[in-house]
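Biologist: I would like a close look at a single part of this model. Please take one strand, describe its surroundings, and then go on to the rest of the chain.

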Amino acid sequence: MMLACQRFVSVVRNSMTLSRYVTTWSPVGAAFNAQQRKVDLFQKNVGLFGVPGLSTPAGFEVAQQRALRETEQLVETACKTPPGALTVETFDQLSDSLCKVADLADFVKVGHPDPAFRNAAEKACINIGTVVERLNTNVELCRSLKNLLDNKEVLDSLDPDTRRVAELFMFDFEISGIHLDESKRGKAVSLNVNLLDLNNEFLNGSHLPNRIEKTALPEHIRHCFSIDGNSIQIGGLHADSPDELVREAAYKIFLFPNSSLLLCLDDLLTCRNELAKLVGYESFAHRALNGTMAKTPETVMKFLELLTDKLSDRTAKDFNLMRDMKMKMNSRSTELMPWDHSYFSSAVRAERYKIDPSLYSPYFSLGACMEGLNMLFSQLLGVSFQNEQPMAGEVWSEEVRKLAVVHETEGLLGYIYCDFFRRPDKPHQDCHFTIRGGRLKEDGEYQHPVVVLMLSLPPPTRSTPTLLSPGMMENLFHEMGHAMHSMLGRTRYQHVTGTRCSTDFAEVPSILMEFFATDYRVVNQFARHYQTGQPLPKSMISRLCESKRICGAADTQLQVFYAALDQVYHGKPQNRSTTDILKKMQEKFYGLPYVPNTAWQLRFSHLIGYGAKYYSYLMSRAIASMVWRQCFQKDPFNRDMGERYRREMLAHGGSKEPMLMVQGMLQSSPTIEELVDALVADLDTDSVTCRDDSS
């Protein structure tokens, strides 16, 4: 696409004296462990993210119109400009102008508490998306770029980044059918616009709860769900409930097939396949994987099948452990079912390693965790956080914190808005949103990137700061990995800035942060009891790390199943229902039985943002594991290695082939077999992650 848009100061100083020990927080730690200072109501409303027009929902219409006027001018400029670097710069300005509205709206439509803002943002997303699809089939605009790429003398004069960005823009044209005749181009635009609607319909439907008559459930479990008059509303799987009947009921009701949503998914997959075939691809998966590390669906399936083969014995062993635990807990049935996986894998870990999240949480106050990230980035990359007080109207909730990201010699890098706390109507998901991409502007100044990190943490109380479970702490580190990629991917062009890169590479920096989050040497720097100031015992971190490998093969195999299902849905048409495909793939790649009258695929919301690319989590994890072992396991604070990591992997965004970035970091290109072995090794070996090898 023409856009690279992505879907998915006052410093507070405070010291807290608690119990017998004194814990002195840095300004960053204090900012997150204290109540946010109220915004001055007499200040002028500066608009969301400091965009003046966005003080009201109507501002989105104004922003759209401004972007469309700029678009018309830039299209005219691009078409008149002689072939050269200025052509690419104009294309990037065009992309930036549209992304500034679309990216911001993409967050607001899900993250803003005001329905009027959400609705206005959703309309903006659809309208800008429609414009983009038309631009991608604009023959005259494409010709201006083709004239550049066909001129060898001009092409040879371009620097590598400019040349790659030009090629990426041309790729966007090609996958939109620019080479087709006028009638077929019109068809491609129509299909793309239809897909925008189908994507929204499926995504919205995948999160809706299911209802059932109250009398259909035994009285003693009704209180576990949301009761609305004579009906019960079930909006999730309740996978961690200790009551087997609650888990079973939630699974069967929440996953009960919705006929209209099944039809929507059929239409969506058909539309994607038709578009891919129209523009010359064998399948939608072939189109989606062009330019990724994997490159082809055949490579992805080889990766998933080889991993399944390597994990088979371990997975069977894990399921046996869960069955034994189920029998031991006197369940109604001894057969292991899909609704049992999460609960009994956790039960096995808890019994074997005495892992109780409530014992860890007091050491992981939000302020302590943010302080830990600040110290790690400072030592590794020379980067630190500075808390800033938002202006009136700049944030959508008074609980949102704003961080300036500053390099020790380069100065300001960008801003992170931290929307960490639960609130009504806020999605229960952890994610990173690009609001504005970085780029070198025409006046020589750098356009600083702006991102939002959204988590679902419990808010602090008057007496207690927000306390994180180990899983929440890891998620925080994971999302901050995305944010630092956005901050340090300081490319010349916003089309390839930060996380605007291949999906199977984009998850590497975030997953790598999970390895830091479970290394005792890192955790020991910040994990302090919020009342006593005492450090988290080393033995507790060791148990936590060791427990992760228990049932790890079965957990990984579940992800393999999801990835394989995604590939088959987006491969050649199967002439079978999506549910029949699900049954077959579950049997081949998972091991637990399909439950009749369920349609898990209707809750697979990743089919929208990660269509044909869900495997990316596994492949990125394999790369991250190799980077950790080879580069950071010996010393997680090694500044030289941190600089190499920035130079080879973070700095390029999407301006360099993803496997070349991996090769630069690892000094070699890993094979599929080596990637599989890296994932298996994480399940099998004692890792330095759980030890302190400083001696």
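Modeller: A residue is called buried when its relative accessible area is under 20%. By that cut-off, nine of the 11 residues in strand E8 (residues 411-421) are buried, so the strand is mostly covered. Keep in mind that this is a predicted model.

Start with the partners of E8. Strands of a sheet pair through backbone hydrogen bonds, and the pairing is either parallel or antiparallel. E8 shows both kinds. With strand E7 (residues 401-407), E8 runs antiparallel, and seven bridges join the two. The link between E7 and E8 is a hairpin of three residues. One bridge in this pair puts Arg401 with Cys418 of E8. With strand E12 (residues 450-457), E8 runs parallel, joined by six bridges. There, Tyr417 is found opposite Val452 of E12.

Next, consider Ile416. Leaving out residues up to four places away in sequence, Ile416 touches Arg401, Lys402, Leu403 and Val405, and also Val451 and Leu453. Its other contacts are Phe385, Met480, Ala483 and Met487. Ile416 also belongs to the largest nonpolar core, which has 167 residues. Within that core, Ile416 is among the residues that touch the most other members, together with Phe364, Met370, Phe385, Phe420 and Phe632. The largest share of this core comes from helix H21 (residues 552-569), which supplies 11 residues. A second core is separate from this one; it has 31 residues, including Val75, Val101, Leu145 and Leu148.

Another sheet can be set beside this account. It is an open sheet of three strands in the order E3-E5-E4, and the pairing is antiparallel. Strand E3 (210-213) and strand E4 (226-228) are its edge strands, each pairing on one side only. On average, neighbouring strands of this sheet are turned by 35 degrees against each other, direction ignored. Four bridges hold the antiparallel pairing of E3 with strand E5 (residues 231-234). In this pairing, Ile212 is opposite Ile232 of E5. Helix H9 (residues 244-254) packs on the sheet and touches E3 and E5, with its direction at about 85 degrees to that of E5.

Two loop residues deserve a note on backbone angles. Most residues other than glycine have a negative phi. Asn597 is not a glycine, yet its phi is positive, at about 60 degrees. Asn597 sits in the loop between helix H22 (578-589) and helix H23 (606-609). Its relative accessibility is 54%, so Asn597 counts as exposed. Ala612 is not a glycine either, and its phi is also positive, near 70 degrees. Ala612 is in the loop between H23 and helix H24 (616-632). With a relative accessible area of 0%, Ala612 is buried.

Last comes the predictor's confidence. The chain has an average pLDDT of 92, and 94% of the residues score at least 70. Residues 6-22 have a pLDDT below 50, and this stretch has 40 contacts in the model beyond near neighbours in sequence. Residues 691-695 stay under 50 as well, and for them the model has eight contacts beyond four places in sequence.

Technical notes
Residues are numbered from 1 along each chain as its sequence is written. This is a predicted model: local features need pLDDT of at least 70, side-chain atom pairs count only at pLDDT 80 or more; totals for chains, interfaces and linings use all residues. Side-chain values use heavy atoms; hydrogens and water are left out. A nonpolar core is a set of buried Ala, Val, Leu, Ile, Met, Phe, Trp, Tyr and Cys residues joined through side-chain atoms within 4.5 Å. Buried means under 20% relative accessible area, exposed over 50%, partly exposed in between (1.4 Å probe, protein chains only). Contact means heavy atoms within 4.5 Å. Two strands pair if DSSP finds at least two bridges between them. Axes are lines fitted to C-alpha atoms, for helices over the stretch in contact, and angles run from 0 to 180 degrees between N-to-C directions. pLDDT is the predictor's confidence in each residue, from 0 to 100.
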